[in-house]
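Please read the following walk-through beside the displayed model, which moves from individual charged pairs to a pocket and its lining.

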Amino acid sequence: MVMNNFSLGLPPTIQPIDSPIAQQAGVELSVLRLDAMHPWVNGNKWFKLKYNLLEAKQRNLTTLLTFGGAYSNHIFATAAAGKLFGFRTIGMIRGEERLPLNSTLRFAVEQGMQIFYLDRQKYRERHTTALQAQLQQRFGDVFIVPEGGSNLNGVRGCMEILNNQAFDTVCVACGTGTTLAGIILSLHKDQRAIGFPVLKNGGFLASEVDSWLNNYLVSDLPLADEAMSKSWELICDYHMGGYAKVNDELLQFQQQFTQEHGVPLDYVYTAKMFYGVMDLLKQGFFPKGDRLLLIHTGGLQGNISY
Ligand SMILES: *Cc1c(COP(=O)(O)O)cnc(C)c1O
């Protein structure tokens with residue numbers, strides 16, 4: 001069945017985490033399970049896609065074209081959302097074709113995505129109007145979604161993640177910081193957000209997040225009703241060696257957390273953020289009585305490559 005209102009039905013569930021570490025710290029811990037909203041169309045990548053799909057529909061464009069690496073959560077989600085909501089999809093994949101296809105790309109193709117490859121040099125031009133014009137010529141009138149769904153439509157979708165949940169501090173893993181920007185724009189007074197970059201030297205993300213916020217505020221896109229709280233920070237100490245790098249400690253933590261709390265974590269993003277939060281809890285970083293909400297941004301499809 002093709003659905004046209006771009007809704008996945010139920011809102012994400014909140015799962016309380018019964019952890020002695022949190023108890024000792026006097027903190028209430030829960031997880032917002034964006035990963036469990038739909039088997040394939042889920043996580044922050046769904047929120048980043050939603051208003052891109054709506055804009056494509058408003059412009060009567062029936063094909064989505066986007067970019068990503070061979071293990072990309074965004075490629076996976078775009079292929080599945082395209083199938084679910086009736087769009088043709090084209091994936092421009094970074095690098096050379098490798099056969100057999102890995103499970104991410106195999107899934108994308110099964111969902112009907114046509115995939116093509118851009119060598120690394122060409123891929124760097126993905127944001128340029130020159131390459132985008134070439135792609136429009138080659139594929140016809142397509143709606144181009146940037147890599148990761150990271151544009152103002154993406155920020156706007158991420159403003160719907162929190163959905164008026166009650167909490168004091170929200171934590172989220174960051175790649176580009178687009179999701180964090182949407183979350184910040186939807187904070188209520190007295191709430192704060194903490195981003196955990198998964199890249200090495202993630203401090204540069206602070207200015208990226210600032211530009212997302214500024215660009216959003218000067219756009220004519222809708223804002224949340226309440227005056228926003230701008231209370232946010234980055235904690236850059238939990239990248240574990242850099243993007244998509246893992247170490248034994250992280251692997252062990254991921255397994256143990258899943259066993260104890262029934263929450264599966266992905267290695268690239270959520271495991272690092274959760275690890276960071278548990279470590280900070282042990283250090284007494286969070287004030288007593290804090291209601292802490294961890295955003296599970298999904299990404300579980302990528303675990304198969306580890
Ligand atoms: C893409 C992704 C992120 C990072 O989102 P940004 O908006 O780029 O910061 C976090 N978690 C998961 C699981 C992702 O797939």
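In this predicted model, a salt bridge joins K50 to E160, and the closest N and O atoms of the two side chains are 2.7 Å apart. K50 belongs to helix 2 (residues 43-58), while E160 sits in the loop between helix 7 (152-158) and strand 7 (169-174), so the contact ties together parts of the chain that are 110 residues apart in sequence. The two partners can also be described by their accessibility: K50 has a relative accessible area of 17% and is therefore buried, the limit for that class being under 20%, whereas E160, with a relative accessible area of 29%, is partly exposed.

E160 also leads the reader to the second largest pocket, since E160 is named, together with F47, M159, I161 and N163, among the lining residues that lie nearest the centre of that pocket. The lining is made up of 26 residues in total, and the pocket they surround has a volume of about 400 Å³. Sorted by class, this lining contains 13 nonpolar residues, nine polar ones and four charged ones. Both domains contribute to it, with at least three lining residues drawn from each of domain 1 (13-42 + 151-305) and domain 2 (43-149).

The pair formed by K50 and E160 is one of eight salt bridges counted in the model, and two others may be considered beside it. In one of these, E147 is paired with R126, with the closest N and O atoms 3.1 Å apart. This pair, too, links distant parts of the chain, for E147 is placed in the loop between strand 6 (143-145) and helix 7, and R126 in the loop between helix 5 (120-123) and helix 6 (129-139), a separation of 21 residues. As for accessibility, E147 counts as partly exposed at 24% relative accessibility, while R126, at 16% relative accessibility, counts as buried.

The remaining pair to be followed here is that of D35 and R33, a salt bridge in which the closest N and O atoms are 2.9 Å apart. Which description, buried or exposed, fits D35 in this pair? With a relative accessibility of 9%, D35 counts as buried, and R33, whose relative accessible area is 11%, is likewise buried. Because buried here means under 20% relative accessible area, the values of 9% for D35 and 11% for R33 place each partner in that class.

Definitions and conventions: Residues numbered from 1 in each chain as written. Predicted model: local features only at pLDDT ≥ 70, side-chain atom pairs only at ≥ 80, totals over all residues. Heavy atoms only, no water. 1 Å grid on protein atoms, 1.4 Å probe; cavity = no way out; pocket = protein on both sides within 12 Å on 5 of 7 lines; lining within 4 Å. Points joined across faces, edges and corners; volume = space filled by probe spheres on them. Nonpolar A, V, L, I, M, F, W, Y, C, P; charged D, E, K, R; others polar. Domains from an automatic or database assignment. Salt bridge = Lys/Arg side-chain N within 4 Å of Asp/Glu carboxyl O. Buried < 20%, exposed > 50% of the residue type's maximum accessible area, 1.4 Å probe, protein only. Helix = DSSP H or I, 4+ residues; strand = E, 2+ residues; numbered from the N terminus.
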